[in-house]
Amino acid sequence: MMLAASGGSLVGTEQTVYSGSDFNAGGSSPVNRVKDGHLQHNLSTRDCWDGYAHHRSIVTEMLMRASTADDGSLCVLGAGNCNDLDFQQLQRTFSAIHLVDLDDDALSDGVNRQLPLERSKFQQHGHCDLTGVIHLLADWSASRQPTAEELDACLQELGQIPQLGLPNACDVVASVCVLTQLFDSVVGTLGETHPRFVEFVTAMRTQHVRLMLKLLRPGGVGVLITDVVASTTLPQLLTMPDSDLPQTIARAINERNFFTGTNPAILQSLFHTQPEIAPQVSHVRLSTPWRWQLLNKVHAVYAIEVTRE
């Protein structure tokens, strides 16, 4: 059962009553505080390999199923510690696997954890800012609010696809639970009460989707995987049977209990209506949701698969 098919139609709400942010880099120097928040997140989940087992199995199977080429290439945005990815399985399907993240050390640890591998198939792309605006966000805080001119300049940058030196003809491009981390950088710097907060989240989301499509070959498949709500505000996720998951998540979304910017109805519509995106997409598919054990919380996760024109 698809998420959107449960519990009635999903509301088109963009911002929620909470963000779910884990951003906590307040003690860092201004130039590094956004990057440090990301590194701290990776560090906190580095040893969560066993807890990711169910989530990893679903993600890996989804990426393998998305491949339509015998020796295709895979690009994973936000690979981090690689706990979401079973390399032993993926290397049987893909001839080249590109791992992209801001945290190069996490990528190295993730690859080394899964040895032995056919190392020639794996290429690390560390120190990659998927937004291109971390250097701008890093100077903002509650005590140092940006000017209107600075906000406009940052939004202008978000209107551009960052140049990351990545291959641009991949068979499968996956964004694996990194979207909410990107949003956290806005929560932790601009703040979710700022009048232009939603504008920044939506601009960052659109940019991210455009980046995925740019990296795909015609006919390739993009897989956008994101968490949508956690057990901190939806405790039923801890105990409910899997059969109740779609309806429960749909109800939570209709009650505005979800991470800002992750409403599947809004995100799915982006591929149909956004002028810079819709003409590049031929098929859009929303997955059944699943649960992801993340430290002491459980997150609900879904995926949107799209085929590049």
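**Exercise 1. Determine which residue of β4 is the bridge partner of C75, and how β1 is placed among its neighbouring strands.**

Solution.
Step 1. In this predicted model, C75 has V173 as its bridge partner in β4.
Step 2. That pair belongs to a wider pairing: β1 and β4 (residues 170–176) run parallel and are joined by 4 bridges.
Step 3. β1 also pairs with β2 (residues 94–100), again in the parallel sense, over 6 bridges. Within this pairing, L77 stands opposite V100 of β2.
Step 4. To pass from β1 to β2, the chain goes through helix α3 (residues 87–93), and this β-α-β crossover is right-handed.

**Exercise 2. State which residues of β1 point one way and which the other, and whether they are buried or exposed.**

Solution.
Step 1. Begin with a general rule: side chains in a regular strand alternate between the two faces of the sheet.
Step 2. Apply the rule to β1. G72, L74 and V76 point one way, while S73, C75 and L77 point the other way.
Step 3. Examine the burial of both sets. Every one of these residues is buried, in agreement with the count for β1 (residues 72–77), where 6 of 6 residues are buried.

**Exercise 3. Follow the sheet from β2 to β3: what is the sense of the pairing, and over how many bridges does it extend?**

Solution.
Step 1. β2 pairs with β3 (residues 122–125) in the parallel sense, over 4 bridges.
Step 2. A pair of residues illustrates this: H98 stands opposite Q123 of β3.
Step 3. Between β2 and β3 the chain passes through helix α4 (residues 104–113), in a β-α-β crossover that is right-handed.

**Exercise 4. Identify the residues with the most contacts inside the largest nonpolar core, and describe the surroundings of L77.**

Solution.
Step 1. The largest nonpolar core has 62 residues, and those with the most contacts inside it are L77, F200 and F271.
Step 2. Helix α8 supplies the largest share of this core, 10 residues.
Step 3. Consider L77 and set aside its neighbours within four places in sequence. The remaining contacts of L77 include V100, L130, V173, H208 and L215. Two of these names are familiar: V100 is the residue opposite L77 in β2, and V173 is the bridge partner of C75.
Step 4. A further core, of 33 residues, lies apart from the largest one; among its members are L117, V223, W290 and L294.

**Exercise 5. Decide how many disulfides the structure holds, and consider the cysteines C170 and C177.**

Solution.
Step 1. The number of disulfides is 0.
Step 2. For C170, the nearest cysteine sulfur is that of C75, 4.9 Å away. A disulfide requires cysteine sulfur atoms within 2.5 Å, so a pair at a larger distance does not qualify.
Step 3. C170 is buried, with a relative accessible area of 0%. C177 also counts as buried, at 3% relative accessibility.

**Exercise 6. Determine how many residues of α7 are buried, and against which elements they pack.**

Solution.
Step 1. Of the 9 residues in helix α7 (residues 179–187), 9 are buried; among them are L182, F183 and D184.
Step 2. The buried residues of α7 pack against α1, α5, α8, β5 and α10.
Step 3. Place this in the setting of the whole chain. The chain has 10 helices and 8 strands, and buried residues make up 59% of its 309 residues.
Step 4. Among contacts with a separation of 6 or more, 78% are between residues 24 or more positions apart.

Key
Residues are numbered from 1 along each chain as its sequence is written. This is a predicted model: local features need pLDDT of at least 70, side-chain atom pairs count only at pLDDT 80 or more; totals for chains, interfaces and linings use all residues. Side-chain values use heavy atoms; hydrogens and water are left out. Buried means under 20% relative accessible area, exposed over 50%, partly exposed in between (1.4 Å probe, protein chains only). Helices (H or I, at least four residues) and strands (E, at least two) are DSSP runs, numbered from the N terminus. Two strands pair if DSSP finds at least two bridges between them. A crossover is right-handed if, with the strands pointing away from the viewer, the path from the first strand over the helix to the second runs clockwise. Contact means heavy atoms within 4.5 Å. A nonpolar core is a set of buried Ala, Val, Leu, Ile, Met, Phe, Trp, Tyr and Cys residues joined through side-chain atoms within 4.5 Å.
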